[in-house]
Structure formats: structure tokens, C-alpha cells
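Here are a few short exercises to work through with the model open beside you. Try each task before reading its solution.

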Amino acid sequence: MSLGGMLVTLGVVYGDIGTSPLYVMKSIIAGNGGMGHLSNDFIIGSVSLVFWTLFIITTVKYVLIAMRADNNGEGGIFALYTLVRHQARWLIIPAMVGGATLLADGMLTPAVTVTTAIEGLKDIPIMHHVLISSQGQVILTTVIILTVLFMIQRFGTQLIGRAFGPIMLLWFAFLGVLGIWRMSGDWSVLRALNPYYAIEVLFSPSNKVGILILGSIFLATTGAEALYSDEGHVGRGNIYGSWPFVNICLVLNYFGQAVWIDQNQGNPAYQHVADFNPFFEMMPQWLRLGGILLATLAAIIASQALITGSYTLVSEAIKLKILPRLRIIYPTNFKGQLYIPTVNWILWAVCIAIVFGFRTSAHMEGAYGLAITVTMLMTTILLSQYLISQKVSRFWAGLMLIFFGSIETIFFISSLAKFLHGGYVTVMIALIILAIMVIWQYGEYIKNNNSYRADNVSILAYKNQLSDLRDDDDYPLFTTNLVYMTHVQDGSKVNKDIMYSILDKRPKRARVYWFVTVNVTDEPYTAGYTTETYGTDYIVNVQLYLGFRMEQKVNIFLRQIINDMMKTGKLPTQPQQYTTLPDREVGDFSFVIIQEELSPETQINGLEKMIIQARLFLQKITVTPATWFGLEYSDVIEEHVPLILGKVPIRRLRLLRESPLKHHHVENDDIDDTDD
């Protein structure tokens, strides 16, 4: 914990939850029919619900409980899954569902926050000119800002990221001061600290929508998952140190808005206005332009946080083999900063489509929040398993599951009312992401199911043949180091296709045969390896152990490994006669990657066959294995082999005494008549 660390935390972690005051109270008013249908009890009860939701979900569940379930400092639903996945296979389900819904809801955040901020500029004179006077201009401005934001991602955001902390510090201070200023007009709003009013409003006749009000209340805590996900970027201590300040500023602003709403509920100017925002309206006129511009900056920062968070989430899912491989770029040396072009432009397209499709922030709020309730439920399930793994009593783990699970289930049910008002959009996006995850995961399971898979063979069984081939001058030297990216099981077993590639398909003579397995560890930044030579100096089984946040630069790692092995005498030097490097002792490398094509002989049921075909299709349209393993500039050979799954019946030919065509007219042009 440090002042500098807490300042960075303000800019990185709290963008989403910090912009919630822009639309929470606005959504509550709209959901209840407008200013003409409000009462003092309803206003106090609503803001009490906001306060206790922030306390129970964000402070207690995420800050005090979830953040202690870190994986070597890394947080988030996938980091949590890595801590518990060995307890039960079914835990992959809440991990995938939670990840899919988190990504889907995150696609809506940039559109909602930026649109809400720009709407505040409508009809506001800037330099004596009204620049934005219609919703069409709001949409155009929002689209331009979002497009520029997504375009600069490829260059990295290290420089502008340094400004995020001070801006968000100013933003939260602004929220708090504005709230206190409005609260000074009626301190009775502090009654909302009593949970009685929160419970009472759920059953009050002044509440026109009943329990469905929780769908709007929940928007106040949609950024809570980000606190947990970004733990690895800023550290638990800095979140602990900064959250009280952020929480107090948010609560003060909500209370200030409540006072303004209560004081203006009878104001004729607002009785029939369908689309207005109490956050902007409660500002004094002289401050409004500055407040709106500051809100716009905060919205952009919130969007940036969600974009980079999506990169991190997808990267972790890829390393855990939950999503297909995608090209990952590291634009700067800043820890944890990465860029995934495919994800970037999908996010951009979805955000722009949402802006054009929903047009107003009020309509977007109808779609917002539904999916994230599912993410929070899935996190609660995984958290209960984590507590059990930490030897916490099953009673307390179960109590935690029931308490938070019940609250989040109620929020989910109340948010279901949003389904027909736009929530179906995020649900559809989440289902598409989940379908890709299921195809990738279950397809891998089908491929590796021993009852379907072709037999593996032991490298040791071919030890002598590899030695003879290495010394056989009748074959030209194919390469000095021949590397197969594979998965070595039980110490020496590899897919039979690999030995077929070396010995049968085209005998490949090399000085050293490498069999490399990349193991993704539960720790985020592991970088280690083991080697096994089976008592030879020409066969090496390399097991690379890389954390799920590590870039897989196999080419660089292998050169380090071979130098280490030469220094210890495990491998002889490979002096090169022709080279631009003096005293070069490492020869050339050729990497062979086996690409599978589904064989027509496959004998599995229709559904499994469709899943395998879909998985192979995803492999083709996503990043190539060469790019994934960091081999773009290496000598890479791709060999295609048939993927045969299931037990294929062996059909034997029998010798016929005469041609069955002898006494029949032949119409096949490919058969010569003289054959009769």
C-alpha cells in the first residue's frame, strides 16, 4: 500500500463503479414513472437500497472476502477457478458461464457511460454556442469518441494511463463535495443508513414496480467484479486503502442526488420530462459544463478499464484452454498490458451497434446489469468451493453461499424484467461466447477421450531407430534440431503421428530430436522448465511451465535451454561452419506442427462430430499454432494428418475368382471395355 499505488488504483480499478452515479438514480426515477410519481419515503428507501447494496455486495463480498481468494496476487473469476478446478470437474461450468456473462456485460459499459456523459452536454452552450442540440449529435459524438478510444489501443495506453489516477481522484472528490453540498439542504436523508427503509420500500405502495426496482439498484454495484479482476494490476493493499474513500464519495453523491430529487419532485418543470438526469441537474449552472466534461473523462476512463479488462479476461481464458487461441500483442513494457486485435474490434463493433441500436442511455440501461448478476452468482459458487479448499467449515462456506447467492438471485430475478427491454442483447452475446467456450472445451475432451483416441506410442520404443537415422549419411541432414510441439504423457508417450512424421512420411535426419510440451500453470507468472534425455544426447523431452499470463515465446526459451544443456554437458556443442556469428555453437532449428483434419472414417455420434468440426473450424480462423508459440520468424513445417475418432471397423477385401462386371453392361467411362 502506498499513496502512489492508491492513485494508480483510482484510475485503473474504479472506472465502472465510479461512473454509476451518472445513471443509477436516473434509472430509478424512470422505472417508477418519472418525477410525478415519487414520494419522500420512496426516495429515502431507494437510496438506502443503494447504500446497503454497495456495502453487502461490494464491500463485504468482494473487498473483504473475494479479494483474499487471490492466485499469487491475481484476482478475477478465472484466477479463482484455477484455485479450485482440481476439486471437481463441474466447476468449469460456473467459470465459463461467469466469464461469458462478464465479457458480454462489459461490451455494454463503454456505450452506456460515454452516451450518458455526452447527453449531459445537450443544449449546454460552450463558448456561447450550443454544439450538441439533438440525440443524433449525441450518437455521432459518442461513436467518434469510442472509435478513437479503440483505435489507440494498439499503441498501448501507458502514457495516458498515468493521467487516469489524478483525473479519477478529482472525479471522486467532485462527487463527494457535490453530494455534501446538496445534503446540506436536508440532513434528514441520513435516515437512509437505516436498513429498515431499504426493506420497507420494496413493499411500499409508492414503489410502482415492487421488487423489480432492484434491477435499477443493482447498477450501483456493476463495477464490483472489476475490483476483484484488477487485483493483480494494483495489489490488494492499494484497493483496501482506496476503497473507503471511493465508497464514501459515491454514497455522498447518491445521498445528494436523493435530496435534490426530494426537493424538486413537485417542480412543474420536471413533471412531464421523460429524459433528464438528476446528476447533471443538481449541479449549479456555473459548474455544469465543467462537471459534464469531467464526467466525460471519467466515462472514457471507465471504458478504457473495461476494454483492457476484457483483454486480460480473454488472455486468461485462452491460457486455460477455455477459449481458442488469439493473437496477443504486448505494445509496451508495462506489466500486464496487452492488446488482442480480434477482441478489440469485436468490442468496437458491438459498442457501436449498441449505440445506434438503442440510441439513448435510458434504453441502454434497460439492457445493462442483467448479465453481470449471473457473473456474481458464479463467483459466489466458486468462492464457496474455495473456502472449503481452505479448510473453512462447510457450514460457514454453505452459509456464505446461501446468503450472497440468495441476494444475487433476487437481483437476477428483478433484472429479468429487463430482458425484453434490451437485456436479450447481452444474453445473446453471452450465449455466443459461452457456445464458443463449450465447443473448445468439450471438443478437447472428445479428442482426448481414450476410448476414441488413436494409441500413443513411447519415444523409448523408437530410440534405436532415431539413433540410426541420425547417423545415416544416406539421408541428407534435414536440420540440426528438429522440434515437435506436442504433449508428452506419462514421461515418454507421444501421438503416433509424430513418430510417423519422423520415420515414415519423410525420414527426417537431425542431430537432436526435441519433443516440447507447454504446460500452463495456475500461477500467473511462472517461467520454468524440465528436461529428460532418456540417457541419450539426441532425444530431449522438454516440459515448459509458463504462467497463464506469460507469453509463450517457445523459440527464445528453447535457445536458452539448449545453451544451458550444453554448459552442463547434457548435449554436445553444434559448431557451425557457415555463420555470421563468430563461435556459434548452436545449430539451426526446424519446428514441426501437426495439423489435424477430421477423417471421414470417424465413428462418433452426430452431436460430437458437429462439436469437433466446429472446433477445427475455430482453429482455422483463429491464430495459427506457429504464431501462438512465438514461432512466426522460425522455420516451421506444418503437416496435415487425419483425425480419426471412434472405433473404426476393419474391412478386409476377399479375392474374387472372376470380375463381378463380367456379365453386366458397364456404363462407367473410367473402365476400359477391353477389361471385359
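Two strands count as paired if DSSP finds at least two bridges between them. Keep in mind that this model is predicted.

**Exercise 1.** Work out how strand β4 and β6 are joined, and in which sense they run.

*Solution.* Start with strand β4, residues 477-485. It is joined to β6 by 7 bridges, and the two run parallel. For a concrete pair, take L477, whose bridge partner in β6 is R509.

**Exercise 2.** Find the strands that pair with β8, and give the sense of each pairing.

*Solution.* First take β6 (residues 509-521), which pairs with β8 in the parallel sense over 9 bridges. Here T517 has Q543 as its bridge partner. Next take β7 (residues 527-532): β7 and β8 pair in the antiparallel sense over 6 bridges, and Y529 is matched with L544. The β7-β8 hairpin has 6 residues between its strands, and Y534 there takes a positive phi near 55°.

**Exercise 3.** Place these strands in their sheet and name its edges.

*Solution.* The order is β7-β8-β6-β4-β9-β10, an open sheet of 6 strands with mixed pairing. Its edge strands are β7 and β10 (635-643), each pairing on one side only. On average, neighbouring strands are turned by 25° against each other, direction ignored.

**Exercise 4.** Explain why β8 is described as largely enclosed.

*Solution.* Count a residue as buried when its relative accessible area is under 20%. In β8 (residues 539-547), 8 of the 9 residues are buried, so the strand is largely enclosed by the rest of the structure. Helix α22 (residues 463-471) lies across β6 and β8, at about 130° to β6.

Technical notes:
Residues numbered from 1 in each chain as written. Predicted model: local features only at pLDDT ≥ 70, side-chain atom pairs only at ≥ 80, totals over all residues. Heavy atoms only, no water. Buried < 20%, exposed > 50% of the residue type's maximum accessible area, 1.4 Å probe, protein only. Helix = DSSP H or I, 4+ residues; strand = E, 2+ residues; numbered from the N terminus. Axes fitted to C-alpha atoms, helices over the stretch in contact; angles between N-to-C directions. Contact = heavy atoms within 4.5 Å.
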